[in-house]
Amino acid sequence: MNTTRGFTGRPRAARPGLPPGQYDAGDDWPVLSAEVTPEIAPADWTFRVGGLVAEPRTWDLAGARLLPAAGYAGDIHCVTGWSKFGVRFGGVSLDAFLDAAGPLPSATHAVARAHTGYTANLPLADLTGGRAWIVWEYDGQPLAPEHGGPARLVVPHLYFWKSVKWIAGLELLDHDEPGFWEQNGYHARGNPWEEQRYSGD
Amino acid sequence: MTETATHTAGATAPTPPARFAVPGRIEVNGRVAGTWQTATLTGIRRETPRASTFRLAVPGWAGHLPGQHLMLRLTAADGYRAQRHYSLASAPDDSGHIELTLDRVPDGEVSGWFHTVARPGDEIEVRGPLSGFFAWPGDRPALLLGAGSGVVPLMSMVRHHRARGLTVPLRLLVSARGPEELIYAGEFGAETTPVFTRTAPPGTPVGRLAAAHVAPLLAEPPAGGWEAYVCGSNAFAEHASRLLVAAGQPVDRIRIERFG
């Protein structure tokens with residue numbers, strides 16, 4: 001271990017729930033996106049599940065709201081180092097959308113695409129079983145555009161670049177296809193507990 | 001699912017066109033990016049009352065492109081580690097050194113160590129360069145918009161442009177609260193327009209970056225158009241990117257790096 005002379009760090013207690021290399025952002029919720037924030041009216045938002053499915057399906061926000069309400073309350077972790085505890089998102093479990101479209105047995109991965117064109121790749125296993133959501137509320141309020149409103153994907157057990165803002169759709173594939181940041185050197189999966197930040201990790 | 005069918009936009013709705021189609025520009029070497037290296041602090045240069053430049057010798061540095069960043073970590077005696085991303089300030093060169101310019105953030109855990117404890121000879125760990133998205137190899141006309149320490153990766157581009165004697169058009173609009181907070185003030189040339197938001201020298205207007213700064217540059221763009229690079233706080237990034245779009249810059253040719 002290479003100790004840094006004179007460095008003590010902030011006073012700290014063991015913080016359960018803080019992955020290695022992360023710090024608690026407290027009340028801050030930094031905005032990190034590489035693109036121009038799009039102006040998408042809630043009435044214009046759509047979400048499509050296509051690719052290797054029995055029946056490609058597209059929802060608008062009103063249709064998505066008719067699915068059983070589900071939300072995520074917990075922590076999120078950004079690859080740039082901050083973690084945010086106790087966030088509350090409201091929306092629908094991704095399982096509800098996938099069940100309606102019917103993934104084919106050959107589907108193993110997905111590319112999540114934003115209305116801006118941004119993409120992220122995810123193993124299908126990371127999107128099912130109550131581990132991923134499409135959300136349009138934060139703390140009971142409509143999700144702000146800079147945080148992905150009208151609606152975004154949330155996959156809280158992975159680094160947050162996977163939780164695609166302004167989500168437009170999921171394309172189910174039988175192979176892994178790197179998304180935007182994964183093509184720019186980031187890790188294919190991005191598990192914060194294993195510090196899977198960059199492709200060399 | 002009849003209840004959803006009444007509200008669906010149709011099963012055949014196409015995937016929306018990709019407007020943010022900016023591809024990764026530079027392939028990042030995963031092996032290099034994944035390796036922590038020991039860097040030795042060789043010099044500290046004051047830039048403004050709040051910002052200083054830290055020069056590091058990194059014997060194994062693989063080289064970088066302007067706009068790339070690195071990850072840096074400090075380790076306490078009890079094993080506690082703090083790591084942060086910082087933009088590279090220096091142009092790529094063969095000196096075996098890189099430079100970082102850090103703001104002194106109130107209560108900053110890592111920047112605080114740099115500004116109050118660090119001295120030449122200290123060793124830290126770095127990995128990188130990282131991310132090819134914000135990189136500018138000097139191949140396309142570049143319109144750079146930065147605020148505060150957001151100017152750091154843009155200055156690497158300006159320095160690169162100068163060091164290589166590049167002729168591809170390059171313009172920098174840089175915002176600071178006042179002249180005393182303008183990082184690299186002594187290095188700017190004709191390519192740069194400073195914008196002062198609180199106090200300005202006599203004869204210079206005070207006010208935030210505005211359409212009047214951006215519109216003329218987009219009214220007469222260089223051949224092939226500008227590649228725009230925006231770096232600063234989220235508030236600045238939102239403001240500056242909207243100005244660019246309003247002035248006609250395509251969204252798929254705007255790259256943004258926000259402080260988080």
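**Exercise 1. Count the disulfides over all chains, then account for the count using A:C78 and B:C231**.

Solution. The count over all chains comes to 0 disulfides, where a disulfide is a pair of cysteine sulfur atoms within 2.5 Å.
- Step 1: start from A:C78. The closest cysteine sulfur to its own is in B:C231, 15 Å away, and no bond forms because that is too far.
- Step 2: start from B:C231. Its closest cysteine sulfur is that of A:C78, again at 15 Å and too far for a bond.
- Step 3: check exposure. A:C78 is buried, with a relative accessible area of 8%, and B:C231 is buried at 1%. Buried means under 20% relative accessible area, exposed over 50%, and partly exposed in between (1.4 Å probe, protein chains only).

Two notes on the basis of these values. The model is predicted: local features need pLDDT of at least 70 and side-chain atom pairs pLDDT 80 or more, while totals for chains, interfaces and linings use all residues. Residues are numbered from 1 along each chain as its sequence is written, chains are lettered from A and ligands numbered from 1 in the order in which they are written, and side-chain values use heavy atoms, without hydrogens and water.

**Exercise 2. Describe the largest nonpolar core and the surroundings of A:F97**.

Solution. A nonpolar core is a set of buried Ala, Val, Leu, Ile, Met, Phe, Trp, Tyr and Cys residues joined through side-chain atoms within 4.5 Å.
- Step 1: the largest such core has 73 residues. Those with the most contacts inside it are A:F47, A:L94, A:F97, A:L127, A:I134 and A:L153.
- Step 2: leaving out residues up to four places away in sequence, A:F97 touches A:F47, A:V49, A:W59, A:A64, A:L67, A:V92 and A:I134. A contact means heavy atoms within 4.5 Å.
- Step 3: apart from the largest core lies another, of 23 residues, including B:F54 and B:F114.

**Exercise 3. Characterise helix α4 of chain B by its span, its cover and what follows it**.

Solution. Helices (H or I, at least four residues) and strands (E, at least two) are DSSP runs numbered from the N terminus.
- Step 1: chain B has 6 helices and 11 strands. Of its 260 residues, 53% count as buried.
- Step 2: α4(B) covers residues 151-163, 13 residues in total. From first C-alpha to last it reaches 18 Å, close to the 18 Å expected; the expected span is 1.5 Å times one less than the number of residues.
- Step 3: 11 of the 13 residues of α4(B) are buried, among them B:L154, B:M157, B:R159 and B:H161.
- Step 4: just after α4(B), B:G165 takes a positive phi of about 65 degrees.
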